[in-house]
Amino acid sequence: MKKSVYSICGMCTVRCPIRVESEDNKITWIEGNPHLLGGALCAKGTAGIALLNDDERPQQPLIRVGARGAGRWREASWDEALDYVAGKLAAIKEQYGPESVVLSSRGGPWQQMYKAFIHAFGSPNYTNHDCTCGRNTHHASLSINGVGRKGFAYDIKNAKHLVLFGRDMFSALRIAENHQTLDMLDKGGRLTYVDVRQTTTGTKATRFFQVRPGTDYALALGVIHQVIKKGYYDKDFLEQFVTGFDELCTFVEEYTPAWAAKECGVKEKDIIAFVEEIGADRPNVIFHPGWNLARYSDSFYASRAMHILNVLMGNIEMKGGLFIPKGAGDCGKKGIRSIDCAKPDIKRGDGVGWEYPHFEKGPGLAHLFFKHMMSEDPYPIKAWIAMRHDPFSGMPDPEQQKLAMDKCDLLVSIDTNYSEFGWYSDIILPESTYLERDNFIVQQKGLKPRLALRRRAVDPKYDTKASWEIFTALAHRLGLEETFPFKTIEELWAWQLEPTGYTMADFEEKGYVELADSPVFYDREKLASQFKTPSGKIELVSEKLTKAGFPSLKPFESPQAPEKGMLRLISGKVAVHTQGHTINNPLLSELMPTNTAWIHSKNAKKLGIESGDLLELSSADKSYHATVAAHVTDHVHPEAVFTAHGFGKEIPRQTRSFLAGVSDQKLMIGKLDDWDQAGGGVNLCQVFVYVKKSIRNTKRRIAL
Amino acid sequence: MKKYMIHLNSKRCIACHGCEVHCKVNKNLPVGPFLCDISSTPLKMIGGVPRTEITFSTCRHCDDPLCVPVCPTNAMIQRADGIVYIDQEKCIGCMACQKACPWSIPVQNPDDGKAVKCDFCMDRLDAGLKPACIAKCTTHALQLVALEVV
Ligand code: SF4
Ligand code: SF4
Ligand code: SF4
């Protein structure tokens, strides 16, 4: 039987809308939702079929029988596995209190369910991956605009100029946003790209600044100086909605383009020419404030500077600028219901909210759990449930993390794939692939907000379950039926939709329900109430930061240069992989089975290597080494060595990716404690590694 | 009569290699063979920006295909609209076509040992649909050009 369903892709966390065809329970075609993407899909999206058919993923619950990490498992039934987890959780709750359980997941629309589960259980300790992603940007936005990083979206298509600091969007691939950028370029718009190396995104740029690693903030300060000097800012907007402009003017006085050029290793005249361009293109100039800015110790301030540049452009809530994403209420409609449970009023185990009062409590900061786990302050942590989150691949120094995890009585991995954490855990609950599972309805905010959902296209191939089934089953075993009252997904959908007046039939035509016919903009005159700062205005100087002991306008400090024999480790994305999630996918590993090390030709010459020769990368304490091929180029900064994130896995059941390439996280020894005190993000680019020619380059032939 | 061509708008192409996978998944090909290829030249400074030139290549569907006459079982066929395709029923996997083709386009499918190559997704074309690589190109950079030949 032939079937076509609209759904949401799950190969990466962008979650593009898709349409899936199947015949007799076999997928025959996946494409981007024609109504939204015109069919467009990336290599990863298409390779979803290979994920589904991959037998190198967990096929039924697995309970550890050997030592942690030894990879000895026994297969278990779902009943046994769920009883095992629920039994252990109940015992831990009894002995140590519910707060001794941590649940981490990926961020995004479905985290609500996981959060509700752990809150209903009695623990405040929900966390996610954001400390290695958008936390700095989020806190930067909060400190200026009073709303988090999702508090703004970007109308790139109608902009005249997009400025990206290290955001390699054509490798990160958010298809709809990529279309917007290419459409803008087709219409003659400009793209300025700043990075320590050239990327696919940079090749499309009209202007490219290759900067010294760690100097984004310096470049932004130089640009702010020149923008103010030339008067290229929106005086009316500043007067009406912004405080702290005078302080900013005084602060940037010394940060001239000449100074910035020297710090960044770029030309002064190029900075001046760039400011002339934005002078001409404003207000339709978008400075993207960063996606993953968990990089340098001043990334929070770099992000603040980008936000400030947007404010100076006066581009807020307008076509071709930043806009506030709208929801059902803005369209005069009632919103959907969501699974929810209030957070228990207990101190968080990561210190957020009490030890670090300046951070938003939300998901806290995952990396800060470890030191608290070691000292058992404010209480011991006895269980960690990782919901499609791999702390060992996402955060620095997995060996240091293991010391803290060893204090737990229970480590649970709920995942479609084996993860490095899963391999170390006590039990793996295999989740069905996104093509085999339903999920609850979510609201997607925007200029034209939508309701959308993921739908199962085919039945599970193996003995796996959807996350809603797993959490509901655990909740029912733990007496949390009040938060998880439903038994089927249909019941859940009906309950969610009840207040809206929509039914599931409304999703049939396009796969989503559009809540507005045309883009919704707020009245620009009445914007003030949108900024949730203490003053209700955009605050360039934040009292909240001052109180927490951080300056709002921080003087720039030149980044440290690498010592002899070392380079600064920079990692990034490629278009054919989703970090570590896809490197064992048969079709994607065929495209890119391993990563390489980008090294500047000057350094290569010194080491006596050419492209393709093997390099050895070692951690600062020499406890981790990996050998990878060199990619010699002039288009990476000489202080840096670049590698694609996600490789270097050591999971034997994943034969394609086993020991392929180098792991950036394993090179980051001791770096769990190196984080941005003002923004909360981990400093993923504050790592120096030894780089030398590998002795494995031998040309001798010994074998017969 | 129509004659088809695939055009790559290299201003939009981002070398994401999606088309290569769209193609092989549509043809149900295992790890190994690819029927189309995206390649980008090493970075070169042009106007102050390091740039690359991206090209998409697949079977040329030659007017006078060298692969067709060499096939001992007449499995390699040229349709009236110029599409050169392999009749999988007749193919014996001798790969004479690959040796005859100036670009070695036909490749062997390790699953059944037979030759495979781009057939312009003629089943889709005949059903009024676009070829897989074009239909799903991440950025709509690939376009189908249909020339009316009289
Ligand atoms: S899918 Fe489109 S954008 Fe991607 S490489 Fe192929 S032609 Fe280029
Ligand atoms: S296989 Fe080679 S010879 Fe045959 S039509 Fe294609 S390009 Fe021409
Ligand atoms: S037309 Fe079809 S067979 Fe030919 S390269 Fe494109 S997807 Fe592959």
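Q: Which residues of helix 6 of chain A are buried?
A: In this predicted model local features need pLDDT of at least 70, side-chain atom pairs count only at pLDDT 80 or more, and totals for chains, interfaces and linings use all residues, while side-chain values use heavy atoms without hydrogens and water. Residues are numbered from 1 along each chain as written, and chains are lettered from A and ligands numbered from 1 in the order written. Helix 6 (a DSSP run of H or I, at least four residues; strands are E, at least two; both numbered from the N terminus) spans residues 135–145 of chain A and is mostly covered, with ten of its eleven residues buried. Those under 20% relative accessible area (exposed is over 50%, partly exposed in between; 1.4 Å probe, protein chains only) are A:R135, A:N136, A:T137, A:H138, A:H139, A:A140, A:S141, A:S143, A:I144 and A:N145.

Q: Against which elements do the buried residues of helix 6 of chain A pack?
A: Just after helix 6 of chain A, A:G146 takes a positive phi of about 75°. Within the helix, the buried residues pack (heavy atoms within 4.5 Å) against three elements of chain A, namely helix 15, strand 21 (538–539) and helix 22 (543–547).

Q: Which strands of the open sheet 11-10-9-13 in chain A stand at the edges?
A: This sheet of four strands in chain A has parallel pairing, where pairing requires at least two DSSP bridges. Inside the sheet, strand 9 (residues 161–165) and strand 10 (residues 190–195) of chain A pair over five bridges, and A:V163 stands opposite A:T192 in strand 10. Each edge strand has a single partner, so one side of each is left without a neighbour in the sheet, and the two concerned in chain A are strand 11 (207–210) and strand 13 (285–288).

Q: Which strands of chain A does helix 15 lie across?
A: Helix 14 (residues 268–281) of chain A lies across strand 9, strand 10, strand 11 and strand 13 of chain A. Helix 15 (residues 299–313) of chain A, by comparison, lies across strand 9 and strand 13.

Q: How far is the sulfur of A:C133 from the closest cysteine sulfur?
A: A search of the whole structure finds zero disulfides (cysteine sulfur atoms within 2.5 Å) over all chains. A:C685 is in no disulfide, as the nearest cysteine sulfur, that of A:C133, is 13 Å away, and A:C685 is buried at a relative accessible area of 5%. A:C133 is also buried, at 10%, and its sulfur is too far for a bond with the closest one, in A:C131, because the separation is 9.4 Å.

Technical notes: Axes are lines fitted to C-alpha atoms, for helices over the stretch in contact, and angles run from 0 to 180 degrees between N-to-C directions.
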